[in-house]
Amino acid sequence: MAEFGENKSTVGPPVAGWKAASGGAGTRLETHRGEPVSNGNCSVPDTVKRVQNESSCESPAWESAGPDSASKTIPRRSSLIKDGSRAGRDRKKTVSFSSSLSEKKISSAADCIHSMVEGSELKKIRTNSRVYQRYYLLDTGLQALCWEPSKKESDKARISLDSIREVRTGRNTETFRTSGVYDQISEDCAFSIIYGEMYESLDLVANSAEVANIWVTGLRYLMQYGKHALDMLASSQDSLRLVWLEQLFSSAADSDRQDDMEEGIHLQSAVKLILTVNPGVSSSKVENRFKELQRLREKMCGLTIDNGSEVKEHVETKRLMGKNESVTKQEFIEVFHDFCTRPEIYFLLVQFSRNKEFLDTKDLMRFLEAEQGMAQVSEETSLKLIQSHEPSEEGRQQGYLSLDGFTSYLTSAECQLIDGEHDTVCQDMTQPLSHYYINSSHNTYLIEDQFRGPSDISGYIRALRMGCRCVEVDVWDGPDEEPVVCTGHTLSPPLVLRCVLEAIGKFAFVSSDYPLIVCIENHCSLQQQRVMWQHFMRIFGEKLYIDPPDKGASYLPSPHDLRHRIILKGKKLGPGPDGQDGEVSEEDEGAEMCQRMKAANCAGAASGGNEKDAAQKNVPLTPDSQSNPLPLPPKHFQLLKELSDLVTLCRSISFIDFRTSSQSQKPWELCSFHEALAVRLAGESPGDFVNHNKHFLSRVHPSPMRIDSSNMNPQDLWKCGCQIVSMNFQTAGLMMDLNTAWFRQNGRCGYVLRPAIMRQEVSYFSADTRDTVPGVAPQLLHVKVISGQNLPKPRGSGTKGDVVDPYVYVEIHGIPADCTERRTRTVIQNGDNPIFDESFEFQINLPELALVRFVVLDDDFIGDEFIGQFTIPLECLQPGYRHVPLQSLTGEDLTHAKLFVHVALTNRRGGGKPHKRGLSVRKARKGRNYPALRDLGVRAVDDVFKMATPLLREATDLKENMQHSVAVFRELCGVSAVANLMQCVLALGSRVSGPDGAPLLLFDLRDQYPSLEPQGPLPDVLRRVVSTYEMMVQASRAVIELSDGIFDRILHVQTMAMEFHEKLQSLAAKEGLKGRKISRALESFSWNITILKGQADLLKHAKAEVQENMKQVHDAALTGNLTKEGMGVRRVRSRRGQDDKPNTTSSPAPSM
């Protein structure tokens, strides 16, 4: 049996009576305005190239189908620090062949139908998990779908197009869901044909997503327009694109002062026109394509001469051949089609245009609501978008969005991946300073390595412009009684302190209004400390925060309270006689690095090297060197009293252990952790580390062994709640990508609110969890990587010429339970518009701490090279179809280089694998996982928590019953798990028509919960839909009616339990608990409180989900014309402002 990814060359039968859709041939469609308009195919007559042998859908061999035969996860690779190299990686490389520019791109229904008549090899899936390779094609009369070979008689191995009721995309039939090869079938390559009175299904898998799209688009078009579809295509000459292109060409001819348009326009003018529409394409490629067509024209003219034409014709031919720099209109249109047509966007357009080749205002409104997740969308909203993006005047006048206008919209800033809300400060900035992650720089003055690299003030300016809110200043005695900034014991040149402070003062609040922390590492004598103090007072002035901390406060002030203030972090004198200087311990990261360097040098000398070589080596960070740093003798120095008084909210102290900190540390005292110590504490005491950071700031600086200025992984420390993770801003790579992306989510202000579970006084969270987080609902992230655009050759790459073989990694960075990655196959020799069409699914257990990273690499057997990347916090993702702007290794935008993706987030239902939630594997109620509370061993407290056990079961049943019923309804509607209820109802609307065209099902929107009412006898499949919908409404009603009472009772139990919090230790002691058992009791108490609060929050969210679901059903019923007439209802959220409210004859959606 053939493998899923196998490609075979197929030759279809000739097309009898085929009418080529030449020139502006398009579909003549009667619109609501009564005008025939089409986007059409505007290329010269050409044979449609088959694409079924292009990008193949990869899968293991079908013969190995079974529950244990799924492909193994690709092992996680090392970080891309500098060169992005992936050499030495042991992995399987898979490739696909995407369309080259010499092949015709699919951009019309005619292209699709022509390809279907030629035929394709498809795999048929049966209920017994058997897979049959068959050759499918349309008959020459366009009346039936046929296949061969088949054991059936030829007249039975066919399906009449008239009997087809629906063409369904994805693995969304019962046959697919129950198939043993489900896991090996690509969602993007699967489709089903529902036909006959019994709603039978023919379930097929194509060799590529593009082939599947061709069949789905062509069949849907034929279902609507029948066997005369091709005549309509051939006869229709009205094309939005063609008219627009002719206008462009005429304008260019006028500019070139060409009196006769038939002679064409200048070559450079034609190239310029193409680049205005697709600025990312190489001008040389466009020019070469024009010249290729010109050479073909000359060859045809030469044939005319050879055939014995008359002298006059010979002279005319010579005249045409001499115009090598001219481009004819036909040539211009063909090249435009080659470089400015994106098939993946065409297939998306026809999916929402109801088989037209343009979108009207209602189509666009459906797309914006159902796919892009936009609220308060009206036809006026759609019309504004059309006016902004439609290039043709005719389209703008009639309210139609052509393929070129749709492409313009999807590539605009309105469809960026990051939610625009996060471009400004959008988080609560009034919480204590310790509740935020703070963007921090290490040795800010260095712009290269740590040992001998140069120092420059530009390091501070760049960091502050990037939103950094914590910079480092190492101050030493300098010449002429002027302190200098440098790393001690190294070869890096110093900077004058005064110049550094002036730069900080000037740029401190350029990018953010929130407080700037300046970490002072003081190594100066008292005399130069006084100069330092004078510089602080003169340069920073009133910006310097010197108010003493509130001795009775449990937390630091908020970033909002400290706006436009500079906070000094450093050593401070303890209690003593007023007005006197004193001795404090010295912080000296440079001394430790110097000691490590000497050890490395000794090792280098012992192995035959020299000191200089060892200093320049990137000394590896071994586990021994991290976990067991060489002890340094404590040093002390005299601290100036006036300088000490400037340190108020961030006093540096030494860390002893978590118990000591919890007993004696003050909120305004801060511990600095060596990277190795912080990582060890994160591994040994993750819960204690999180609790420590609820009250106190923690700063983590890189290991001194990172002499090359490489960066640690900030996620390893963020997951423990460490607020200040110092990064070497001068070093690009994965770690800096994570840091930059993380602080993008709050307007780049340098402060990001930590997850709630890390801020709550009583909560349980372990940083090293590899399972679900108590009290937090996991989410499923669905990512479809569709295509890439204008992917450049990797910088500095000399192999393969200008050829690029791209593939994409999608990475998840977060807590250990969430870290994973998936990759697409490789597309050979196509960086202009490679088509990937692969879908991935990730379970995210702590969404608030997750980052998504897209990495594009050039596949090379010598070593895969970095092309571009984009990293974004999960919380910032916008759902729907989005373009991802790629960035270089150094964080700069790659002009016009993008990925086209589809993103969706859904709830994770229990039972089965997260990607297989079909009816056949759904979990029974008796097997449901309920949240478990822990026994403390303290009877009075345990009795209180036991009161919550039945409440938690009720809450879980309410949520799970509702979500389960929605999932079953979604499956019966034939849509994927990514779909929302609006998409479900719209999909349902396409299959409820009776023999006379009237709908068999209609929604009654007068009630609080829309009801689905039959309008006559129903087939079994629709009766199941009605009963399933009624079950969903019943479960939703239960959530609305019962959730408030359960919510209040859970919070009441939580309040009762919290009364024991302060005296829990004494109660445990009275029960005879000692030592570790008391610690375990305290941990169990935090666990239980976290569970109670989390389940109460989830119940509240479930109620909001029901409200949103009912709104979506309501709006989709109106959009799909599935409502009873004369009810006087209108959209729940169709317009902005006062029109959001339904009128008096329509009941509102359930309120919160």
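A disulfide is a pair of cysteine sulfur atoms within 2.5 Å. By that criterion the structure, which is a predicted model, holds 0 disulfides. The points below cover two cysteines, a parallel strand region around β15, an open antiparallel sheet of 7 strands, helix α27 and the surroundings of glutamate 379.

**Cysteines**
- Cysteine 146 has a relative accessibility of 15% and counts as buried, because the cut-off for buried is under 20%.
- Cysteine 340 is also buried, with a relative accessible area of 9%.
- Cysteine 519, in strand β15, is buried on the side of the strand that also holds Ile517 and Glu521.

**Strand β15 and its partners**
- Strand β15 spans residues 516-522 and is mostly covered, with 7 of its 7 residues buried.
- Both of its faces are covered: one carries Leu516, Val518, Ile520 and Asn522, and the other carries Ile517, Cys519 and Glu521.
- Strand β12 (residues 470-476) runs parallel to β15 and is joined to it by 6 bridges.
- Within this pairing, valine 473 has isoleucine 520 of β15 as its bridge partner.
- Strand β16 (residues 566-570) is likewise parallel to β15, and 4 bridges join the two.
- Here leucine 516 has isoleucine 566 of β16 as its bridge partner.
- Helix α17 (residues 526-540) belongs with β15 and β16 to a β-α-β unit, which is right-handed.

**The open antiparallel sheet**
- The 7 strands of this open sheet follow the order β5-β4-β3-β2-β8-β7-β6, and their pairing is antiparallel.
- Its edges are formed by β5 (158-160) and β6 (164-169), each of which pairs on one side only.
- On average, neighbouring strands in this sheet are turned by 30° against each other, direction ignored.
- One antiparallel pair within the order consists of β7 (residues 190-195) and β8 (residues 200-205), with 6 bridges between them.
- In that pair, tyrosine 195 has glutamate 200 of β8 as its bridge partner.
- Helix α3 (residues 209-225) lies across β2 (120-125), β3 (131-138), β4 (144-148), β6 and β7.
- The direction of α3 is at about 155° to that of β6.

**Helix α27**
- Helix α27 covers residues 939-946, and its buried residues are Val941, Asp942, Val944 and Phe945.
- Viewed down the axis of α27, these buried residues fall within an arc of 160°, so they line one face of the helix.
- An α-helix has 3.6 residues a turn, so residues three or four places apart point the same way.
- Arg939 and Lys946 are exposed and sit on the face of α27 turned away from the buried side.
- The elements covering the buried residues of α27 include α28 (949-972), α30 (1020-1058), α31 (1064-1070) and α32 (1076-1119).

**Glutamate 379**
- Glutamate 379 lies in helix α12, which spans residues 379-389.
- With a relative accessible area of 35%, glutamate 379 is partly exposed, because that value is neither under 20% nor over 50%.
- Apart from neighbours within four places in sequence, glutamate 379 is in contact with Thr361, Lys362 and Met365.
- Leucine 364 is 15 residues from glutamate 379 along the chain, and their C-alpha atoms are separated by 8.2 Å.

Definitions and conventions. Residues are numbered from 1 along each chain as its sequence is written. This is a predicted model: local features need pLDDT of at least 70, side-chain atom pairs count only at pLDDT 80 or more; totals for chains, interfaces and linings use all residues. Side-chain values use heavy atoms; hydrogens and water are left out. Buried means under 20% relative accessible area, exposed over 50%, partly exposed in between (1.4 Å probe, protein chains only). Contact means heavy atoms within 4.5 Å. Two strands pair if DSSP finds at least two bridges between them. A crossover is right-handed if, with the strands pointing away from the viewer, the path from the first strand over the helix to the second runs clockwise. Axes are lines fitted to C-alpha atoms, for helices over the stretch in contact, and angles run from 0 to 180 degrees between N-to-C directions. The arc is that of the directions from the helix axis to the C-beta atoms.
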